Amino acid sequence: MNTFQFTHWQLRLLEGNSAVPQSFPQDHKWLEAHNPSSPITEIFPDLLHHKLIPDPYIDKNEAHVQWVGHQVWEYRSILNIPDSHNGKTIELVMHGLDTFADVYFNGCFIKSTDNMFTRFTHPVELQKGDNEIRIQFRSVFEVKVPYDPADLQEGIKSRMFVRKAQYHFGWDWGPTLVTCGIYRPVEICIYEFNKINDVYVDYVVKDTATGEVQIQVKTETTGNVAVEYTLTKDEKIIWRGNSSNPSATLRKVDLWYPHTHGTPHLYTLTATSLYNTVTTSVGFRKVELVEDPLDEGTAFFFRVNDIDIYTNGCNWIPASSYLTTITPNDYDEWVNLFKRANQNMSRVWGGGVYECDSFYHACDEQGIMVWQDFMFACGQYPGDAKFTESVSIEASQNIARLRNRPCIVIYAGNNEDYQTIEDMGVPEDQFYAKHIYEQVLPDIITEMYGGNKVSYTFGSPWSRNGLSAADLTTGDVHQWNVWHGKELPYQEWSNLAGRFVSEFGMEAFPTYETFKDFITDEKEMFPQSSTVEMHNKAAGFERKLAMYTFQNIHLSGFQLKDWIYATQFMQSECLSEAVLAFRRRWGQKGKRETGGQLVWQMNDTYPVTSWSIVDHYKRPKLAYYGLKRTSNPIVVGVGRTVTATDGTHRGSSLWKIAPKAYKIHTWVNNLSGESIGGTITLEMYYKGQVRKNSYRKQVVISKNATTECFEVPMQEICGTFNPESTIIRATLHSDDVVFAAGAYWPQPLKHYPQPLGTPRVKILGNQVKITSEYPLKAVYLEGRDRYLRFEDNGFDLFPGEEKAISAACASGLSEDEVCVRYHFDC
């Protein structure tokens with residue numbers, strides 16, 4: 001079989017309306033695509049390449065390019081196939097056109113498409129010499145809207161009737177850039193009657209201890225094809241079979257694990273016929289979604305290879321508004337950011353796309369589990385026969401592409417559609433797409449996967465037994481009562497945990513270098529500028545961001561760098577507090593009250609202030625490092641409870657002057673496979689004074705569990721220290737080995753005593769060594785004249801510690817190149 005890809009695309013404006021700028025060329029001249037050698041391209045990068053539009057990512061240019069999505073654009077490419085192909089089957093394969101497209105081949109109309117997530121195939125005849133394809137992209141705004149749909153998301157309601165990436169229509173973290181183009185490659189496929197179309201390795205892990213796996217290779221072919229199978233690992237042949245003998249029992253198989261619990265082993269299956277060869281990677285693992293009964297409700301966590309897995313993860317949105325510009329290397333780097341932050345799951349959000357193979361391959365290789373949404377988000381979608389048929393084809397094709405991927409452990413029918421129906425008061429008989437989520441999609445998964453190798457939930461969030469989508473006792477929950485909803489203080493995370501928290505978050509500004517990248521007018525480089533605000537899409541962000549920051553963080557200035565540090569510091573504290581609260585509820589086996597969390601969100605589609613922990617240019621915010629620390633295998637939690645001894649209620653106006661009693665409680669969450677014997681030692685810090693070894697207790701920390709260690713009245717151990725303003729640090733250690741440490745800082749942070757000195761900093765090569773005689777909160781390292789990425793940042797520093805932090809830079813650091821700031825120095 002021979003395959004030829006179309007490249008060297010050209011484009012032109014075919015039909016324009018009155019919104020087209022007068023400066024735009026009206027001669028319908030063909031223009032080269034921005035990357036001629038690429039098989040994929042789209043309208044915004046192409047127009048930008050020819051300087052026909054201002055860069056939508058820069059300044060407030062987004063507003064000046066909205067006309068682009070309302071026009072008819074035409075692309076063409078020419079392919080010369082010199083050999084004769086008489087008697088052979090010739091197909092035009094379009095792997096993804098975005099979105100309303102009319103396809104012409106050698107002047108003949110071939111097909112109209114209306115789903116960017118679907119592959120279309122059509123027989124064609126080649127002519128001698130050049131063969132031309134033309135694709136006319138009509139505006140998706142032409143879609144017919146048969147009813148006024150409920151919509152949780154501000155934006156264009158007609159989006160729900162278009163099978164296109166929903167975020168293109170604008171979201172509360174991204175721009176409105178309604179693009180079009182060749183989203184996935186277009187090919188000519190030539191074969192002699194027969195070929196292998198698809199190979200699926202169906203298997204059952206019979207014994208995780210011995211690695212016994214039963215496999216059956218299933219092959220979809222055109223015609224009667226004899227197929228030979230070879231399974232290899234590291235170029236070593238593990239098994240051979242054929243279409244007459246496609247099954248085997250394998251022993252001592254190396255299983256695939258999330259990287260936090262083992263090695264993500266991968267094998268290669270090669271299917272060979274006389275006509276073509278198909279190769280796929282496969283990993284063998286046993287995965288279960290555990291929803292066992294609890295005292296109240298049911299659990300929700302994943303068990304992989306018979307190990308209960310606590311999920312530390314993040315939500316993933318498309319890495320660009322221009323999907324065709326994301327490279328395989330970009331995906332490798334993004335997935336590696338998950339891994340380096342001790343995250344073991346990525347949720348592919350339902351308002352984006354089914355990601356390209358490079359993303360899933362990186363997750364397979366690096367041991368990142370994937371929660372895969374189907375592409376529906378925050379809306380009342382249709383459910384008529386035509387729409388359902390299109391979705392069925394879309395789901396079948398994408399599941400076929402993804403089902404050999406060991407990283408995928410669960411599919412969800414949609415993002416927040418049940419919540420939309422509930423919150424907007426939509427009658428049950430107008431929940432048109434419900435049968436898609438509850439019948440169509442699960443039936444396709446069952447048919448295509450076969451054995452129990454993947455889980456499915458009707459939506460995210462979705463609760464069992466007819467309970468509200470916001471219920472905390474069953475299913476997963478999107479917990480937005482911090483920031484959205486009730487706008488609760490982030491110190492209340494412990495009361496907001498569900499069985500699995502699949503969304504929660506807090507906004508923060510991106511790095512200063514990112515602002516410099518998208519703001520060209522120096523006068524706009526301040527927190528309240530119109531350009532800064534243009535690059536924040538969240539409703540009410542000014543008030544909410546100010547509220548959470550001013551409630552918690554001491555500010556000594558309001559320049560842009562001050563506000564960046566303050567918001568990133570606040571975001572880091574908020575998310576770290578949440579993760580610790582959720583991890584505490586992991587409990588013991590059989591009593592898993594919370595099975596994990598997914599931070600909203602890992603990344604951005606363009607330069608913006610959002611909930612991301614890494615900005616569009618892969619520059620981590622302080623929350624990235626905070627999440628990395630609180631996702632370590634072993635964490636120590638330290639908390640303080642306060643009660644009024646005279647019975648005054650916390651909400652009373654007399655609370656501040658009421659006499660109080662304080663208690664310290666400690667716990668350890670140990671996600672490793674080994675129990676720990678050791679000692680927890682408390683240290684207390686108050687106004688430059690320290691009480692070392694103020695309390696010690698020997699403990700045994702259970703493996704893969706949370707161990708509640710002790711609770712002790714502060715008045716008994718803090719001596720003359722004021723318990724209201726005392727910092728408490730707990731260290732879990734055995735002799736000279738420190739397993740983990742945690743600290744409680746008086747809340748709100750803006751009230752605790754200011755440090756009495758400054759840190760000492762030494763530069764050695766590309767390493768910064770830093771010490772302090774006093775506790776310092778959120779120590780932040782940054783380059784004075786260039787962006788520097790450090791392996792850790794925003795950390796707390798205690799007396800007796802020396803932090804050695806390396807910077808990723810080719811050359812060494814100079815003595816005056818690194819700036820250091822910390823809380824109360826901001």
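**Close-up views of selected sites in a predicted model**

**View A. Surroundings of H8.** H8 is partly exposed, its relative accessible area being 47%; here buried stands for under 20% relative accessible area, exposed for over 50%, and partly exposed for the range in between, with a 1.4 Å probe and protein chains only. The model is predicted, and local features need pLDDT of at least 70, side-chain atom pairs count only at pLDDT 80 or more, and totals for chains, interfaces and linings use all residues. Residues are numbered from 1 along each chain as its sequence is written, and side-chain values use heavy atoms, with hydrogens and water left out. H8 lies in the loop between strand 1 (2-5) and strand 2 (10-15). Helices (H or I, at least four residues) and strands (E, at least two) are DSSP runs, numbered from the N terminus. Although H8 is not a glycine, its phi is positive, at about 50°. Most residues other than glycine have a negative phi, and most peptide bonds are trans.

**View B. Backbone of E487.** E487 is likewise not a glycine and has a positive phi of about 55°. The loop that holds E487 runs between strand 29 and strand 30 (501-503). With a relative accessibility of 22%, E487 counts as partly exposed.

**View C. Two cis peptide bonds, at P461 and at P748**. The bond joining S460 and P461 is cis, with omega at about 0°. P461 is placed in the loop between strand 28 and strand 29 (477-478). The bond joining Q747 and P748 is also cis, and here omega is about -5°. P748 is placed in the loop between strand 38 (737-744) and strand 39 (760-764).

**View D. Environment of T457 in strand 28**. Strand 28 spans residues 455-457 and includes T457. T457 is buried, with a relative accessible area of 1%. Contact means heavy atoms within 4.5 Å. With neighbours within four places in sequence left aside, T457 is in contact with W371, I410, Y411, A412, G413, W462 and R464.

**View E. Environment of F338 in helix 2**. F338 belongs to helix 2, residues 328-340, and is buried at a relative accessible area of 1%. Outside its neighbours within four places in sequence, F338 is in contact with C314, W316, Q343, M345, S346, I368 and M602. From C-alpha to C-alpha, F338 and I368 are 7.7 Å apart in space, while 30 residues separate them in sequence.

**View F. The open sheet of strands 42, 41 and 44**. Three strands form this open sheet in the order 42-41-44, and the pairing is antiparallel. Strand 42 and strand 44 stand at the edges with a single partner strand each, so one side of each is left without a neighbour in the sheet. Neighbouring strands are turned by 40° against each other on average, direction ignored. Axes are lines fitted to C-alpha atoms, for helices over the stretch in contact, and angles run from 0 to 180 degrees between N-to-C directions. Two strands pair if DSSP finds at least two bridges between them. Strand 41 pairs with strand 42 (residues 795-797) over two bridges, and V779 stands opposite F795 of strand 42. Strand 41 pairs with strand 44 (residues 818-821) over four bridges; on strand 44, V818 is the bridge partner of G783, and C819 is that of E782. Strand 41 (residues 776-783) is mostly covered, with eight of its eight residues buried. In a regular strand the side chains alternate between the two faces of the sheet.

**View G. Helix 10 against the sheet and against helix 11**. Helix 10 (residues 560-584) lies across strand 41 and strand 44 and runs at about 130° to strand 41. Two packed helices are described by the angle between their axes and the distance between the axes. The axes of helix 10 and helix 11 (residues 622-630) come within 8 Å and cross at roughly 20°. Helix 10 and helix 11 are therefore roughly parallel to each other, since angles under 35 degrees count as roughly parallel, over 145 as roughly antiparallel, 65 to 115 as roughly perpendicular and the rest as oblique. The crossing of helix 10 with helix 11 is right-handed; a crossing has this hand if the near helix is turned clockwise from the far one by less than a right angle, and is left-handed if anticlockwise. Helix 10 contributes Y565, Q568, F569, Q571, S572, L575, S576, V579, L580 and R583 to the contact, and helix 11 contributes L622, A623, G626, L627 and T630. The residues of this contact divide into eight nonpolar, six polar and one charged. Ala, Val, Leu, Ile, Met, Phe, Trp, Tyr, Cys and Pro count as nonpolar, Asp, Glu, Lys and Arg as charged, and the others, Gly among them, as polar.
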